[in-house]
Amino acid sequence: LYNALRSIHDDSVFVGEISQLWPELPLLANLRCGLWYSPRFESTCYFKSTDGHTNNWSFNTSRLNLHVALLAGQKGGCIIVDSTRKGKRFPDSMSKTIPIWTCVFNRAIVNHRSSMQNHDERAEGVSSDNHESETSDQHAENTRLASHEWDSSLHLPLWVSKTERASIEERLEGWTKELEASGADIASLASCLKKPIRPLWISQKTVIWLNEVPDHSSWDFTPIILVSASSSTGVIQHRTTSEFSWNYIPGAGDDEESWARGLSPDLFWKNVYDIINSGPDTCNQKVANMVEKDRVYRAQRGQNAPQVTLKPPKLLNSTSDPSCVEPVLSSDNLDIKNDIQFCDDDSTVYWLGTTNIAVGTALAAANTTCVDCVLNCGRENFSACHLNTESYLHLPIVDSKFDRFSLRNNLASAVNFARLNLRKGKTLLVFCQNGEDISVCVCLAILTALFDDIGTFDDGKSFSATHISKWDMRRRLVFLCKFAVKARPSRGNLKQVYSFLGGGRPSSHTPSTPSTM
């Protein structure tokens, strides 16, 4: 644990230095690994490395990250932080996923502007056949110039092979059409971005002359600066300071379930110096104290606070000796200091346009009294003193990793509860623990089942009149993610939503196998 946290702390110094080169640009963390490498992020994004793996390239409309492009347009660019353990300088999310994303967005903007220009010229009309010919020729020339001036070419790092580049370029046109068909707000993007977006790559091996750092506004593109936080050695390095010896781990922030022991990035950075100065010998107990006290702190405030249990390590000797087994965290035997800084979970509520529906976290639900009714999709019940029994519903839904049908079997109840309250013009808050997955999928089902294409409540009339396709559901998801920028619905849960919407309502007996999305 100490090796991982010390490695993260050392790499964060590099991230801080790069962010200070362009202090006007917002710093974003690519979830989840990147979130460990700075105490101050303006926002987060979600670009998956699997979308950039060789022969698995993808542009996923479920992860449009439209807010990143809009933020870059408003601020003149942005800096995205991520890391990798695989010994490469950059994760595939930065080498290929984000370059594909920037190229597809640029192409869609070019198409949109050409379409708007063509529409304006048709509206003006023509007075003669000759004039028609001249206008047509001029439009073609304007379109060519617009495409030339707005760089929509694919920008990949030098280490991506020519063969792989060619394979990606063959798919760009199809991905652009998918983006345009998804219902994404390309018009807002085109008006916000003054220059095309383009990735730049910076790692710990990048040579930067501090007296020659260019002003980002001087570039002829909007920079998406991709910072790979860790050293690219790919092997664990033994390091020694005046106080402790420890092992440097590249990309230590990755796969936090395997090492973090319940510690979150927020809690780590609020207590970073206490943890780092504790040294390797006492770090585990120090973190255990912090995690447990933070859990108790949140539990006392009615927030979600599950008990953290650590599995005992595999032992070479007999496990019959109880002294060889690491104890379960318990507040009864912890030496908890009073100077621990507690972490505050995200209490943001995202209103989905004018639908009267909001999505948020458990903490958001605990702190929000401005809604008429609440749909709780988390495991634990929720005390809502200001709500009566008709305005509160608890559906203990678990993730698809634990139950492949939990979400699907509860969607009928969720939609019926929403219908009864939305008919009366009431506002509805749907929440789960993190506000990113299950609650998002429930909102998606409600939007699809009860609203029309433009987001107007019609009590399910359009849903009853049409057969929902995966593209219909994706368009609703794009609409939802436009407002809930932290939405990260899992593939397994989205499959259950599509199975419910496309295959009818789940029966009370054993459910059928979900449809393939």
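Two strands count as paired if DSSP finds at least two bridges between them. The exercises below apply to a predicted model.

**Exercise 1.** Find which residue of β9 is the bridge partner of W351, and state how β8 and β9 pair.

Solution. Step one: β8 covers 349–351, and strand β9 covers residues 357–360. Step two: the bridge partner of W351 in β9 is A358. Step three: three bridges join β8 and β9, in the antiparallel sense.

**Exercise 2.** Give the strand order of the open sheet, name its edge strands, and place helix α10 against it.

Solution. Step one: the five strands run in the order β8-β9-β12-β10-β11, with mixed pairing. Step two: β8 and β11 (392–394) each pair on one side only and are the edge strands. Step three: on average, neighbouring strands are turned by 20 degrees against each other, direction ignored. Step four: helix α10 (residues 406–422) packs on this sheet and touches β9, β10, β11 and β12. The direction of α10 makes about 175 degrees with that of β10.

**Exercise 3.** Explain why C432 and C441 form no disulfide.

Solution. Step one: a disulfide requires cysteine sulfur atoms within 2.5 Å. Step two: the cysteine sulfur closest to that of C432 belongs to C377, and at 6.7 Å it is too far for a bond. Step three: for C441 the closest cysteine sulfur is in C432, 8.8 Å away, also too far for a bond. Step four: the structure holds zero disulfides.

**Exercise 4.** Decide whether helix α11 is mostly covered or exposed, and compare its reach with the expected span.

Solution. Step one: 13 of the 13 residues of α11 are buried, so the helix is mostly covered. Step two: α11 (residues 438–450) reaches 18 Å from its first C-alpha to its last, close to the 18 Å expected.

Key:
Residues are numbered from 1 along each chain as its sequence is written. This is a predicted model: local features need pLDDT of at least 70, side-chain atom pairs count only at pLDDT 80 or more; totals for chains, interfaces and linings use all residues. Side-chain values use heavy atoms; hydrogens and water are left out. Helices (H or I, at least four residues) and strands (E, at least two) are DSSP runs, numbered from the N terminus. The expected span of a helix is 1.5 Å times one less than its number of residues. Buried means under 20% relative accessible area, exposed over 50%, partly exposed in between (1.4 Å probe, protein chains only). Axes are lines fitted to C-alpha atoms, for helices over the stretch in contact, and angles run from 0 to 180 degrees between N-to-C directions. Contact means heavy atoms within 4.5 Å.
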